[in-house]
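Colleague: Please take a close look at one helix in this predicted model, together with what surrounds it. I want the packing, the neighbours and any spaces inside.

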Amino acid sequence: MNWSENDVAAKTAPVGEEDLVDPVTNPWGTTRNTGADLHTTRPERTYPEPEPLDEHGPARIVALCNQKGGVGKTTTTINLGAAIAECGRRVLLVDFDPQGALSVGLGRLDPRELDLTVYNLLMQRDVAVEDVLLKTDIEGLDLIPSNIDLSAAEVQLVGEVAREQMLGRALRPVIDDYDVVLIDCQPSLGLLTVNALTAADGVIVPLECEFFALRGVALLMDTIQKVQERLNEDLVIDGFLGTMYDPRTLHAREVLSTIIDGFGDKVYGTVINRTVRFPDATVAGEPITRFDSSSAGANAYRDLAKEVLARWPLSGHGA
């Protein structure tokens, strides 16, 4: 599908107050998830507990991508990864952001003290993916860390042959060891993000339930389309995820309703509410599923994990 800025603007034009339904009277019925109390016109769906796997791999690679910062990419990568690991899947998280937020938020690592990161994996031929892998405290969850060195890769990769495929080649030796690989992309649409999209089978787009989060969607869709046409014809958009949702505000309800109107079934039924427990968990260096296992945020990501796994193809890829 060809996406222009006008197309996306039309799909995501804010609705007026007269178009909104009173959330107190709730004539639409409730959603199935525990992560939000939004009411939508979509039918209620429940997703089963994922079946145990007899064997692992090959992994489905998913890039979490949005050029706007602060929309919940890293939070979702950590907590979705941990929730999928709870389902008996082997999960590898790839920190592909020079800020190293994923590395800090999952284990309280100091990225400045790391000898080997994803930068070395990309740029040094004598560094194998096994040299960079770190085990986490979460069973079934591993990490490839990052730090500020990765910012240099964007410039250095320009002169490389097949520069858009460097990450995919680097990950290839461990694809059969995992069921899911989640790549936390930096907030830009530069060469690093193109590398992630070229390596990926699917894309999850976290969208903050706030008006400015919609403004850059057209450019993101255009980048994804170009990667599909020129580098990775098998790339698909797995879904759009509403994050930082506050059901008490009319603005958040408007924005989420607009996202659903624009992208339909591509929007996950699970919505992630705004809560102070997420930054608390980040400071503790733990996913929310361990830091506050019974919280609404933890249950929302468990719901999302079930929905994500149920939507994926049944043949391999962690389904």
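Modeller: Two strands pair if DSSP finds at least two bridges between them. Strands E1 (residues 60-64) and E6 (residues 202-208) are joined by 3 bridges, so they meet that cut-off and count as a pair. The two strands run parallel. One bridge partnership links Leu64 to Ile204 of E6.

That pair sits in a wider sheet. The sheet is open and has 7 strands, in the order E3-E4-E2-E5-E1-E6-E7. Its pairing is mixed. E3 (134-135) and E7 (236-243) are the edge strands. Each has a single partner strand, so one side of each is left without a neighbour in the sheet.

Now the helix I have picked, H2 (73-86). H2 lies across six named strands of the sheet: E1, E2 (91-96), E4 (141-144), E5 (180-185), E6 and E7. It runs at about 170° to E5. Angles over 145 degrees count as roughly antiparallel, so H2 is roughly antiparallel to E5.

H2 also packs against another helix. Two packed helices are described by the angle between their axes and the distance between the axes. For H2 and H13 (residues 296-311), the axes come within 8 Å and cross at roughly 75°. That crossing makes H2 roughly perpendicular to H13. From H2, the contact uses Thr75, Thr76, Asn79, Leu80, Ala83, Ile84 and Glu86. H13 answers with Tyr301, Arg302, Leu304, Ala305, Val308 and Leu309. Sorted by class, this contact holds 8 nonpolar, 3 polar and 2 charged residues.

Next, the enclosed space. Searching the whole structure gives 1 cavity of 30 Å³ or more. The largest cavity has a volume of about 40 Å³. H2 and helix H11 (277-284) each supply at least two residues of its lining. Thr75, Ile78 and Asn79 are among the lining residues. So are Phe278, Ala281 and Thr282. Gly105, Glu286, Pro287 and Ile288 line it too. The lining divides into 5 nonpolar, 4 polar and 1 charged. Thr75 and Asn79 thus appear in two places: in the cavity lining and in the contact with H13.

Then the open space. The largest pocket has a volume of about 480 Å³. Its lining counts 27 residues, and those closest to the pocket centre are Gly72, Lys73, Thr74, Thr75 and Met244. H2 gives the most to this lining, with 5 residues. H3 (101-105), E5 and H11 also supply at least two residues each. The pocket lining has 11 nonpolar, 12 polar and 4 charged residues. Thr75 turns up again here, close to the pocket centre as well as in the cavity lining.

Two backbone details lie in loops. The peptide bond from Gly57 to Pro58 is cis, with omega near -10°. Pro58 is in the loop between helix H1 (5-11) and E1, and E1 is one of the strands that H2 lies across. Ala162 has a positive phi of about 50°, although it is not a glycine. Ala162 sits in the loop between helix H6 (150-156) and helix H7 (166-171).

Terms used: Residues are numbered from 1 along each chain as its sequence is written. This is a predicted model: local features need pLDDT of at least 70, side-chain atom pairs count only at pLDDT 80 or more; totals for chains, interfaces and linings use all residues. Side-chain values use heavy atoms; hydrogens and water are left out. On a 1 Å grid over the protein atoms alone, a cavity is a set of points where a 1.4 Å probe fits but cannot get out, and a pocket is an open set with protein on both sides within 12 Å along at least five of seven lines; lining residues have an atom within 4 Å of a point. Grid points are joined across faces, edges and corners, and a volume is the space filled by probe spheres set on the points. Helices (H or I, at least four residues) and strands (E, at least two) are DSSP runs, numbered from the N terminus. Ala, Val, Leu, Ile, Met, Phe, Trp, Tyr, Cys and Pro count as nonpolar, Asp, Glu, Lys and Arg as charged, and the others, Gly among them, as polar. Axes are lines fitted to C-alpha atoms, for helices over the stretch in contact, and angles run from 0 to 180 degrees between N-to-C directions. Angles under 35 degrees count as roughly parallel, over 145 as roughly antiparallel, 65 to 115 as roughly perpendicular and the rest as oblique. Contact means heavy atoms within 4.5 Å.
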